[in-house]
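Here are my notes on the model you sent, set out as numbered points. Please read them with the structure open beside you.

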Amino acid sequence: MSGKLHTKVNPTSKFAVFDLSSVKVDHRAANKHKRDQTRSNKESGGRIEGGGLIGGSFVPSANASFIQERTAIFDRLLAQHNERLAAKGEVAINITLPNGDVRPGFAFKTTPYDVAKSISQGLADSVVIARVVYSSRFEEDEIVACDEDDEAAQSKAAATAEDAGKAAQGELWDLNRPLVGDCVLQLLKFDEPESKTVFWHSSAHVLGAALEGVYGAHLTIGPPLQGGFYYDSYMGEHTIPEEELKKVEEKALDICKAKHTFQRLVVSKEEALEMFQHNPFKVSLITNKVPEGAKTTVYRCGPLVDLCMGPHLPNTGRIKAFAAHKASSTNWLGQVTNDPLQRVYGIAFPDKAMLKQWKENQEKAKQRDHRVVGTKQELFFFHQLSPGSCFWLPHGARVYNKLIDFIRKQYWERGYEEVITPNMFNLNLWEISGHAQHYKENMFVFDVENQEFGLKPMNCPGHCLLFKHRLRSYRELPFRVADFGVLHRNEVSGALSGLTRVRRFQQDDAHIFCRQDQIKSEVLGALDFMRFVYTVFGMTYKLELSTRPEKALGDIELWNQAEAQLSEALDEFAGKGNWRVNPGDGAFYGPKIDIKVFDAMERVHQCATVQLDFQLPIRFELEYKSNTGEGDESFQRPVMVHRAMLGSVERMAAVLTEHFGGKWPFWLSPRQCIVIPVDLKFVEYAYDVQQQIHEAGFYVDVDDSTRTLNKKVREAEVNQYNFILVVGQQEIDAKGVNVRTRENEVQGNVPVTELITRFQDLAEKYV
């Protein structure tokens, strides 16, 4: 067949193709939390070379002298900056609000806060950050980021395209920073994702100031996370025990109460080196990441001056509630041969009630930790002889298999074909797909007859081979293939964490090969599938459309058509205004719909996904015979849709364990009921009841111990049996059981046949 494309395609980054957040590899054991990617729209500087031990001797001391010296340098440079700013004069600009209202202002003078205050003081006090889209702007200094180590830079690389894509949607702008041209201005409150990132980034600076104030620490990196922030600092051999966190927290609260203004200042490399000469870690960042002649930015809030791209809150007083909740150890640049660092985690909110709720959820999370519940309920365990590979015990295997059966039934009803593909492939497969160059070190690779083979870490390349093994017709499309095949990823041991980060796992992995005109209907089908699954789980969700990144591959018109179809599908599925665009955050191979689900503790999980892929069909030269054209022109390229509902079954088991707190719904429960005889002479009848319920397909046990009835019932409640069936002479006579729930709700005598009918109804309705 001709019509094949031989387009040169850049290799994918790691496992970008269908690299779900639920199973994404991150080998940096020192940071198991995902850093938030809403950062400045400027590129990061170069990599940090070297490392080793650069911290030197250190003696903790409150209010170290370098703080005053650094502040004096900042004040001198700020005065020079203000003189230059005053010399620019007043240049009129127009500031357009989202409702179309136009406010007059002056470049390098009027700030977003000024505009907010002109509307109402209440608005000005509640806004966290601004988003600005410039139609024209006056020239500013080009700046380079140097407020992150290589670890952060690697995480940020994937977000570079996101930042570029958001340029059309605007850039985040400090409320105190003067505007620099005609623009459209949007004011964002705390409930916006970008606002939370900025709020926690500013809070990290407050934490840094507290660490300097209490210990005289040498600060290194302090990024926001998706749910809080941390700051790493060098303190020599000093560590921070849990009892000292209160002292750090009190210092941070004092800084918040002082309402220190966040001040932004552009500085040269030489000025930055002078300002941070006391701190070898900041010097390393500046030296390695800021080219000669380039400039970067620093921010001051009270006693702290820090390398930072911003943006930030107007002042520290916006932080009304602050907690330093955990301390741990790490190393500079994540390398164990480098200086030891102390990492302090924090959380902060604009309202004390929010912190109270957060603490309650944290306590729930500890109690519901899947590793704790899994041990108590004998669901699973791990062994050092096979790290990262779970041993599912009988009761855990019940949950695991129920989840797979749940999805498998939907496959049957929704027109999916289940397939089984090999576990290992010649490495040439990953050369074709483009993953070998960047991901080989994260695969389990071995020699087979002098050729390299690897255990598959994902299913999609194998599914491409499946599609291609014979001529396909347009009549076969959409072709929906599902695969529960075992996957392996070579996570380093330090990154392994319960069921959420493993080496061996399975996904409810499916791929849809379709025509371009079928994209919308297939996406709608996948979204309906997702809604059904998470409604059953009792979890809510939010939808985001991630669009074409700066480094996207493929025809722009094809991207535009695909994004339009996804937008139409989201409008039809959720309604206009009930989903949001994440500009520029699509994968390089196609746009995607990110589905963020919320558990009982309001934590966010990204397990399900729907992604379009234009590139794998090109790389594998996939074609189908269309119903138009003649000869070579009769062959068309399919679009590939990656989709998963659960993501990793292992990770979903962990999420659901914590979501339900070990109190499994009946249909998913590994312990659905237990029969308890009131006396040993009724044990035979208890086993007869067990046999009937077992033959009906339900999990049932018998407690034939010699303990008292009350103790048996109490233990059954603690073990989370959904139903406790007590039997004695009265129940024998009625051929029934006395039913009570694990909440000790007594439902009375019920015939066994009627009880089985009830159980069947609960299971069918996923209750």
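1. I begin with the length of one helix, bearing in mind throughout that this is a predicted model. At 1.5 Å a residue, the 13 residues of helix α7 (residues 245-257) should span 18 Å, and the end C-alpha atoms of α7 are indeed 18 Å apart, which agrees with that expectation.

2. Which residues of α7 are buried? They are Leu245, Val248, Glu249, Ala252, Ile255 and Cys256, and, when one looks down the axis of α7, these buried residues fall within an arc of 115°, so they line one face of the helix. The background is that an α-helix has 3.6 residues a turn, so residues three or four places apart point the same way.

3. The partners of that face can also be named, since the buried residues of α7 pack against α6, β12 (321-331) and β13 (340-349). Just after α7 comes Lys259, which takes a positive phi of about 55°.

4. From α7 it is natural to turn to helix α6, in which Leu211 is found. At 0% relative accessibility, Leu211 counts as buried, because the cut-off for that label is under 20%. Leaving aside neighbours within four places in sequence, Leu211 is in contact with Gly216, Ala217, Leu219, Tyr231, Ser233, Met235, Ile240, Val248 and Val344; of these, Val248 is also among the buried residues of α7. Leu211 and Tyr231 are 20 residues apart in sequence, while their C-alpha atoms lie 8.7 Å apart in space.

5. Next comes an open sheet of three strands, arranged in the order β9-β10-β11 with antiparallel pairing. Here β9 (262-268) and β11 (304-307) stand at the edges, each with a single partner strand, so one side of each is left without a neighbour in the sheet. The twist from one strand to the next averages 25°. Strand β10 (residues 295-301) pairs with β11 in the antiparallel sense over four bridges, and Val298 stands opposite Leu307 in β11.

6. Two helices pack on this sheet. Helix α1 (residues 65-87) touches β9, β10 and β11, and the direction of α1 makes about 80° with that of β9. Helix α6 (residues 193-215) likewise packs on the sheet and touches β9, β10 and β11, its direction making about 120° with that of β11.

7. A further open sheet of three strands has the order β17-β19-β18, again with antiparallel pairing. The edges are taken by β17 (424-426) and β18 (445-448), each of which has a single partner strand, so one side of each is left without a neighbour in the sheet. On average, and with direction ignored, neighbouring strands of this sheet are turned by 35° against each other. Three bridges join β17 to strand β19 (residues 451-455) in the antiparallel sense, with Asn426 standing opposite Phe453 in β19.

8. Strand β1 (residues 92-96) deserves a separate look, since Ile93 and Ile95 make up a covered face, whereas Ala92, Asn94 and Thr96 make up an uncovered one. Five bridges join β1 to strand β2 (residues 102-106), the two running antiparallel, and the bridge partner of Ile95 in β2 is Arg103. Together β1 and β2 form a hairpin with five residues between them, and Gly100 in the turn has a positive phi of about 95°. With strand β5 (residues 183-189), by contrast, β1 runs parallel and is joined by two bridges; in β5, the bridge partner of Thr96 is Val184.

9. Is Val752, which lies in helix α23 (residues 752-764), buried or exposed? At 2% relative accessibility, Val752 counts as buried. Not counting residues up to four places away in sequence, Val752 touches Tyr685, Val689, Gln692, Lys735, Gly736 and Val737. Val752 and Gln690 are 62 residues apart in sequence and 9.9 Å apart in space, taken from C-alpha to C-alpha.

10. Finally, some totals for the protein as a whole. Its secondary structure comes to 23 helices and 35 strands, and of its 767 residues 55% count as buried. Among contacts in the protein with a separation of 6 or more, 75% are accounted for by residues 24 or more positions apart. The protein exposes about 33,100 Å², and carbon and sulfur atoms supply 49% of that area.

Note on methods. Residues are numbered from 1 along each chain as its sequence is written. This is a predicted model: local features need pLDDT of at least 70, side-chain atom pairs count only at pLDDT 80 or more; totals for chains, interfaces and linings use all residues. Side-chain values use heavy atoms; hydrogens and water are left out. Two strands pair if DSSP finds at least two bridges between them. Axes are lines fitted to C-alpha atoms, for helices over the stretch in contact, and angles run from 0 to 180 degrees between N-to-C directions. Contact means heavy atoms within 4.5 Å. The expected span of a helix is 1.5 Å times one less than its number of residues. Buried means under 20% relative accessible area, exposed over 50%, partly exposed in between (1.4 Å probe, protein chains only). The arc is that of the directions from the helix axis to the C-beta atoms. Accessible areas come from the Shrake-Rupley method with a 1.4 Å probe; for residues, only the protein chains shown count as cover.
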